[in-house]
Amino acid sequence: MLTNDELAKWDRESFFHPSTHLGQFARGEAAQRIVTGGEGVFITDRDGNRLLDGFAGLYCVNVGYGRPEIAQAIADQAKELAYYHAYAGHGSEANITLAKMVMDRAPDHMARVYFGLGGSDANETNIKLVWYYNNILGRPEKKKIISRWRGYHGSGLMTGSLTGLELFHKKFDLPLAQVIHTDAPYYYHRPDLAMSEADFVAHCVARLEDLIATEGADTIAAFIGEPVLGTGGIVPPPEGYWPAIQKVLDRHEILLIADEVVTGFGRLGSMFGSDHYGMKPDLITSAKGLTSAYAPLSASIVGQRMWDVLMQGTDEYGVLGHGWTYSAHPIGAAAGIANLKLIDDLGLVQNAAEVGAHLLAGMREAVGGHAHVGEVRGEGMLCAVELVADRDRRRFFEASETMGAKVVAAMLKRGVIARAMPQGDIIGLAPPLCLSREEADQIVTVTRDAIVEVL
Ligand code: PLP
């Protein structure tokens with residue numbers, strides 16, 4: 001077996017890691033962690049640490065680590081049929097069964113599910129379907145996509161453009177021209193502190209209406225949004241936001257894509273965020289929670305009104321030319337079936353609601369009054385603590401102070417993994433949905449102690 005030092009050297013010399021400071025990593029100046037195992041909400045590493053994973057990997061290991069049911073399902077599927085493609089009507093028992101299970105859980109007006117590999121490709125699929133839809137309907141000009149600043153929709157060419165975070169555009173020549181951004185529904189960052197939540201929703205709606213008027217509704221195909229902003233800061237929408245946005249979109253015949261890569265399959269304490277907030281999307285994007293990341297798989301779930309047009313399109317123009325070699329991969333599907341069964345059997349959607357509420361309440365109690373905590377917010381099993389330089393005047397820290405990263409590092413020293421969200425000083429928590437109350441309490445204590453140490 002390789003020593004830790006040998007493995008770390010190969011890592012620095014060979015491995016191009018995603019979303020990493022390449023120079024610092026290659027020079028050995030950045031953190032390296034070689035993860036060896038996981039059990040429940042804990043992971044272990046080669047340095048002998050056992051860490052409570054308060055971010056479920058990248059908010060994806062929803063059922064927790066080390067589930068033998070899923071491992072067995074993957075092994076059985078690999079032995080029986082590791083792969084056959086899904087083109088031209090081919091299927092396997094696993095992917096057909098999973099399609100049925102997804103549709104049984106999806107909102108009522110959804111019609112079919114298309115399987116890919118991850119959240120980015122599922123969003124690419126959804127944008128292509130939106131364009132195809134408008135071409136079939138004879139509206140070739142109606143193609144622009146509105147997304148929100150601080151939204152995260154992936155890091156491909158189109159999805160990186162939809163993402164409204166500078167980090168993902170910088171030096172990549174993004175965003176592409178077809179993408180336009182509108183305001184994030186981020187009440188804590190409202191432009192005027194005197195605004196009520198209702199005023200702020202009206203403000204977001206007015207800004208959207210202005211954008212549509214400037215661009216022309218006949219050039220705008222769709223609006224994409226996460227029910228709760230995730231990577232942009234874990235920000236639940238202000239009361240009434242989604243119904244108000246939906247009204248505007250309906251009036252201008254703009255489709256709604258709900259990006260539920262984080263929220264799908266239980267994270268908000270509801271099966272889908274669309275149900276949670278009364279959204280009526282034409283397309284739902286999901287991935288992470290579909291398999292709890294035991295295997296890569298995504299789902300683009302298509303609503304009935306779009307499905308009818310897609311069928312009309314293939315009747316007129318022939319085969320819909322869009323597919324990945326690994327679409328509906330049987331091993332991913334087997335993992336998905338076992339995962340969704342576990343979510344049901346263990347009551348994890350309910351647990352996300354209950355323990356998530358306990359975590360949020362505990363966090364508010366423990367750090368909500370701290371002089372450098374601006375806001376503690378959350379929904380279901382999502383929680384964020386936003387740090388500020390001056391709480392009364394809502395003055396933010398300078399980016400160079402990296403206060404969020406410092407607190408997250410102090411939490412890690414105490415055995416809890418949180419995520420410093422990429423923009424602002426926001427400590428993000430998105431634990432596995434199987435978190436217990438005691439584990440939630442541990443996260444709260446560690447967050448408090450780390451904040452007290454750093455600030
Ligand atoms: N959409 C949302 C809301 C996400 O949070 C993510 C990833 O975090 C993606 C899309 C992209 O998914 P992936 O990284 O699997 O491509």
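**Legends to close-up views of a predicted model**

**View 1. Overall dimensions of the protein.** For a chain of 455 residues a compact globule would be expected to have a radius of gyration near 23 Å, and the protein, at 22 Å, agrees with this; the radius is taken over C-alpha atoms, and the globule rule is 2.2 Å times the number of residues to the power 0.38. The model is predicted, so that local features need pLDDT of at least 70 and side-chain atom pairs count only at pLDDT 80 or more, while totals for chains, interfaces and linings use all residues. Residues are numbered from 1 along each chain as its sequence is written, and side-chain values use heavy atoms, with hydrogens and water left out. Taken along the principal axes, the C-alpha atoms fill a box of roughly 65 × 60 × 45 Å. The secondary structure comprises 16 helices and 15 strands, which are DSSP runs (helices H or I, at least four residues; strands E, at least two) numbered from the N terminus.

**View 2. Packing of helix α4 against helix α13.** The axes of α4 (residues 68-81) and α13 (residues 330-345) come within 8 Å and cross at roughly 150°, which makes α4 roughly antiparallel to α13. Axes are lines fitted to C-alpha atoms, for helices over the stretch in contact, with angles running from 0 to 180 degrees between N-to-C directions; those under 35 degrees count as roughly parallel, over 145 as roughly antiparallel, 65 to 115 as roughly perpendicular and the rest as oblique. In contact (heavy atoms within 4.5 Å) are Glu-69, Ile-70, Ala-73, Ile-74, Gln-77, Ala-78 and Leu-81 of α4 with Pro-330, Ile-331, Ala-334, Ala-335, Ala-338, Asn-339 and Leu-342 of α13.

**View 3. Packing of helix α5 against helix α13.** Helix α5 (residues 93-105) packs on α13 at an angle of about 40°, with the axes 8 Å apart, and the two helices are therefore oblique to each other. On the α5 side the contact includes Leu-98, Met-101 and Arg-105, and on the α13 side Ala-333, Ile-337 and Asp-344 are among the residues involved.

**View 4. Surroundings of His-153.** His-153 lies in the loop between β5 (144-148) and α7 (157-162), and at 2% relative accessibility this histidine counts as buried (under 20% relative accessible area, with exposed over 50% and partly exposed in between; 1.4 Å probe, protein chains only). Leaving aside residues up to four places away in sequence, His-153 touches Ser-120, Asn-123, Ser-147, Thr-159, Leu-162, Thr-163, Ile-224, Gly-225, Glu-226 and Asp-259.
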